[in-house]
Amino acid sequence: MLLSTTLLTGCLHEAPSSTITSGARACKNEERVTVAGHSQAIGLTGACSIITITGSKNKIVIASAKRVEIDGPENQVSVGAVDAIQVKSSRNSVHFSKGL
């Protein structure tokens, strides 16, 4: 029996990704963003795909995201619109206004 594996390139589209440690910026093309700051005020506008928060003690305001993952402790997160929120660490405060 002959088994083969075919890799199809160009069929899967991966969203662009970036890291922010402070300040504010706009998400573009539904990008993935990692928030890695410590004790910062961070703002994300536009439509983000996935936001992963690895930093701690941040105040983060997010306009819109499909998913927010909070891995770091003691963050205050406010989201305008979101599909899913996953909190993996302790002492986080999370508020959202509506689902997508």
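This is a short dialogue on reading strand pairing and salt bridges in a predicted model.

Visitor: Where should I start with the strands: which ones pair with strand 5, and in what sense?

Guide: Look at the bridges on either side of the strand. Strand 4 (residues 41-53) and strand 5 (residues 59-70) run parallel, joined by 10 bridges. Strand 5 also pairs with strand 6 (residues 76-87) in the parallel sense, over 10 bridges. To follow the register, take Ile70: this residue stands opposite Ile53 and opposite Val87 in strand 6.

Visitor: And which strands pair with strand 3?

Guide: Strand 1 (residues 17-20) runs parallel to strand 3 and is joined to it by four bridges, with Ser18 opposite Val33. Strand 4 pairs with strand 3 over three bridges, again parallel, and there Thr34 faces Thr52.

Visitor: Which side chains of strand 3 are buried?

Guide: Read them by face. Val33 and Val35 point to one face and are buried, while Arg32 and Thr34 point to the other and are not.

Visitor: Now the charges. How many salt bridges are there?

Guide: Side chains of opposite charge can pair when their charged atoms come close. Here the count is four. One of them joins Arg25 and Glu31 at 3.0 Å, N to O. Glu31 is buried because its relative accessibility, 5%, is under 20%, whereas Arg25, at 27%, is partly exposed.

Visitor: What does the pair of Arg91 and Glu74 tie together?

Guide: Their closest N and O atoms are 3.0 Å apart. Arg91 lies in the loop between strand 6 and strand 7, and Glu74 in the loop between strand 5 and strand 6, so the salt bridge ties together parts 17 residues apart in sequence. Arg91 is exposed at 60%; Glu74 is partly exposed at 30%.

Definitions and conventions. Residues numbered from 1 in each chain as written. Predicted model: local features only at pLDDT ≥ 70, side-chain atom pairs only at ≥ 80, totals over all residues. Heavy atoms only, no water. Pairing = 2+ DSSP bridges. Helix = DSSP H or I, 4+ residues; strand = E, 2+ residues; numbered from the N terminus. Buried < 20%, exposed > 50% of the residue type's maximum accessible area, 1.4 Å probe, protein only. Salt bridge = Lys/Arg side-chain N within 4 Å of Asp/Glu carboxyl O.
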